[in-house]
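Here is a note for a colleague who has not yet looked at this entry. The points can be read alongside the displayed model.

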Protein chains: 2
Amino acid sequence: MDGRGRRTTMYDVAAAAGVSHQTVSRVVNGSPQVRPETVERVRSAMTRLGYRPSGTARNLAVRRTRSLGVVSFMGPLFGPMSMLLSIEAAARRSGYAAQIVSAHGLDAGQVDAVLEEVLGRDVEGVAVIAPTDGQARMVDGLRAQLPVVAVEGRLGDDVPFVASDNEAGGRLVAEHLLDCGHRTVAHVSGPTDWGEARQRTAGWADRLVAAGVQPGPVWVGDWSPEAGYRAGLELLEHPRWEEVGAVFAANDSMALGLMAALHRSGVEVPARVSVIGYDNTPESGWLQPALSTVEQQFDAVGAAAVERLVSLLEGGDGAAELLIPPRLVSRSSVSWHRRR
Amino acid sequence: MDGRGRRTTMYDVAAAAGVSHQTVSRVVNGSPQVRPETVERVRSAMTRLGYRPSGTARNLAVRRTRSLGVVSFMGPLFGPMSMLLSIEAAARRSGYAAQIVSAHGLDAGQVDAVLEEVLGRDVEGVAVIAPTDGQARMVDGLRAQLPVVAVEGRLGDDVPFVASDNEAGGRLVAEHLLDCGHRTVAHVSGPTDWGEARQRTAGWADRLVAAGVQPGPVWVGDWSPEAGYRAGLELLEHPRWEEVGAVFAANDSMALGLMAALHRSGVEVPARVSVIGYDNTPESGWLQPALSTVEQQFDAVGAAAVERLVSLLEGGDGAAELLIPPRLVSRSSVSWHRRR
DNA sequence: AAATCAGATGTTAGCGGTAACCTCCTCGCT
DNA sequence: AGCGAGGAGGTTACCGCTAACATCTGATTT
């Protein structure tokens, strides 16, 4: 800015350095077509005047913003949060800025406002972290306008989709429990309108059935510790409680609540019943007992999502679907089943 | 975009509706100076052609971007993460977009790159979440260019600063412990180059001293559960361990690790020793025992930060400093001290 | 009926860059 | 000496919008 509030432009620098604005532009963009001494003169004029190029003007001229929208439809849960960060980092590595817009509520008005918002920022593509159903249709308008990739929640068959393989995760859990000799296992699932929750449950059930084991009683929670706690109390009242040797909670928070309920009722984990969670939050290894769980590779998912989006922008066609395998983290909350 | 890749502009819409581009502009911006039927004609042309206004061009013309930079210098810790989200939400409520840039590392090169990045996006102001020292000087260049507000970590005396009142939080802890009859309390602090850590420690120590109690042994951790665990093990070996009736961990994660260590060694919490944390993470109420802790009002801090920044942009002068009081959450990990 | 006025719309000139094309100069070569 | 090539830099025309001012109606005033 100069004295009268006008911003310092290339033309000012050009005048000060005794060259044309185009030469200043060349210097700014590191063109080799400028003599070193000229570069020096321009550089010094720039710092003397405190010049900063206008990204806005540049974007307009080149007709690119190099920015991606990231819309996230939920609060500060561990998973979604980690995704957000990992996408931002991946985008930056690819030379794009991430325009993050997060909406906690999910009502139609909200969703529309968020989409308007992100569209209005001239992003070149959008990654939608939409783990619950019902956002799919609302996002239709978006898809018509620019490349979209769905992360963690499917948005429709024709939208490229990247996620952690929750079905595989569920299977991993079932397998681990079977390996440990468990034949009756209960489950506290996530909300049924979350694709991730359904898939974890499905993978788990499938694997059990494949082994000739009947999936045990199931409770539906909302990811919160409290939901796990309530499920735990009800589990203790369940007619088949005596037979239950293990419980699979669909995330670590619910596993925590569940263990709290069991503990309060004097039920020992893993001596009487094994517990396994999902997420591998930084805390889970330090719970009592240390929680066995499944770790998702958020970084890989975020990187893949950005990569797909960028390839779409560059004219490639995004492969339909990519699932990143999770891995089991075995700790002490699961133990061998001792037949009673 | 039309068939040949040229984007649909106001002029296209204008032509299609038989008006001038300026009238289209008026319609887009909801000017009352346009006849309803004209509005209708323009609107229909817009949807027919799939027109989207270019925010970039608009920003250039009005010479405002209405966006704020938010730079965050650390990883996915609960506190910083919550701040990020709350600032984004507050900014959006005030009509600004938040340009989030987060850097995990802190070396000089990194910091400069991040600042360049955020400056290059034409933000009007910047909120810096810089909880550790050493970023202060690096941010000097920024300050010269545009309004800056520091969040959670002071950036220098002349930079407006908004944070949760950590000293008050420390005092709250000490007071609570004193109220419960504890006279010897140990402390696992955060890293000493975090202002927040130092202030929690200072508030805690001050309050104890004011009550004529000598602050007990102190360990320095890095916020991780593991650090808490190690401190716990060392605490058990400490010559004065017998006298220690309570431990204040500077965040919930370390409190968790600490409790794990105590548990593993057969020390009962809170029967033998009380433990109190800081942060009130969603999980802390469900630990065993439920963790007493201090809750920070991240939403209020974020809102205040944005408010200050916006007021600076509008020519106001930011008040120097604002501290938001935290509140104590009393649960069962702290109990009355029974004199032995 | 001429003058006035306000509402509705059009015209022109930027905003701060980049792209494409053009000019000028110097150097090497025949 | 004449000529072409290429390096260094300048000119001009956009990019897609808004601001400011100009113009044109038709209705109202006198």
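**Notes on the model**

1. A turn of 180 degrees, with a shift of 0.1 Å along the axis, lays chain A on chain B with an RMSD of 0.1 Å. That is the relation of a two-fold axis. Both copies use the same surface, since 98% of the contact residues of chain A recur in chain B. The model is predicted, and the values in these points are computed from it.

2. DNA strand C has 31 residues around it. The closest come from both chains: A:Q22 and A:S25 on one side of the list, and B:S20, B:R26 and B:T38 on the other. Counting atoms of DNA strand C within 4 Å of the protein, 59% are sugar or phosphate atoms, and the rest belong to bases.

3. Which elements supply at least two residues each to the surface near DNA strand C? In chain A they are α1 (10-17), α2 (21-28) and α4 (55-62), and in chain B they are α2 (21-28) and α4 (55-62). With five residues, α4(A) gives the most to this surface. Sorted by class, the surface near DNA strand C holds 13 nonpolar, twelve polar and six charged residues.

4. Some individual atom pairs at DNA strand C can be named. The side chain of A:R58 has an N or O atom 3.3 Å from a phosphate oxygen of the strand. In the case of B:S20, a polar backbone atom is 2.6 Å from a phosphate oxygen of DNA strand C. The bases are reached too: a backbone N or O atom of B:A61 lies 3.5 Å from a base oxygen of DNA strand C.

5. DNA strand D is surrounded by 29 residues, of which A:R26, A:T38, B:Q22, B:S25 and B:Y51 come nearest. Of the atoms of DNA strand D that come within 4 Å of the protein, 61% are accounted for by sugar and phosphate. The residues of the surface near DNA strand D are twelve nonpolar, twelve polar and five charged.

6. Two residues of chain A have side-chain atoms placed by base oxygens of DNA strand D. For A:R26, an N or O atom of the side chain is 2.5 Å from a base oxygen, and for A:H21 a polar side-chain atom lies 3.3 Å from a base oxygen. From chain B, a polar side-chain atom of B:N29 is 3.0 Å from a phosphate oxygen of DNA strand D. The elements giving two or more residues to the surface near DNA strand D are α2 and α4 of chain A, with α1 (10-17), α2 and α4 of chain B.

7. Chain A also contains an open sheet of four strands, paired in parallel in the order β7-β6-β8-β9. β7 (218-220) and β9 (274-276) of chain A are at the edges with a single partner strand each, so one side of each has no neighbour in the sheet. From one strand to the next, the twist averages 15 degrees.

8. Strand β8 (residues 246-249) of chain A runs parallel to β9(A) and is joined to it by three bridges. A:F248 has A:I276 of β9(A) as its bridge partner. Helix α12 (residues 252-264) of chain A packs on the sheet, where it touches β6, β8 and β9 of chain A and makes about 160 degrees with the direction of β9(A). Helix α10 (residues 195-210) of chain A lies across β6 (185-189), β7 and β8 of chain A, at about 165 degrees to β6(A).

Note on methods:
Residues are numbered from 1 along each chain as its sequence is written. Chains are lettered from A and ligands numbered from 1 in the order in which they are written. This is a predicted model: local features need pLDDT of at least 70, side-chain atom pairs count only at pLDDT 80 or more; totals for chains, interfaces and linings use all residues. Side-chain values use heavy atoms; hydrogens and water are left out. A residue is near a molecule or strand if one of its heavy atoms lies within 4 Å of it. A polar contact is a pair of N or O atoms within 3.5 Å; within protein, one must be able to donate a hydrogen and the other to accept it, and residues adjacent in sequence count only if both atoms are side-chain atoms. Ala, Val, Leu, Ile, Met, Phe, Trp, Tyr, Cys and Pro count as nonpolar, Asp, Glu, Lys and Arg as charged, and the others, Gly among them, as polar. Copies are superposed by least squares on the C-alpha atoms of residues with pLDDT of at least 70 in both. Contact means heavy atoms within 4.5 Å. Two strands pair if DSSP finds at least two bridges between them. Axes are lines fitted to C-alpha atoms, for helices over the stretch in contact, and angles run from 0 to 180 degrees between N-to-C directions.
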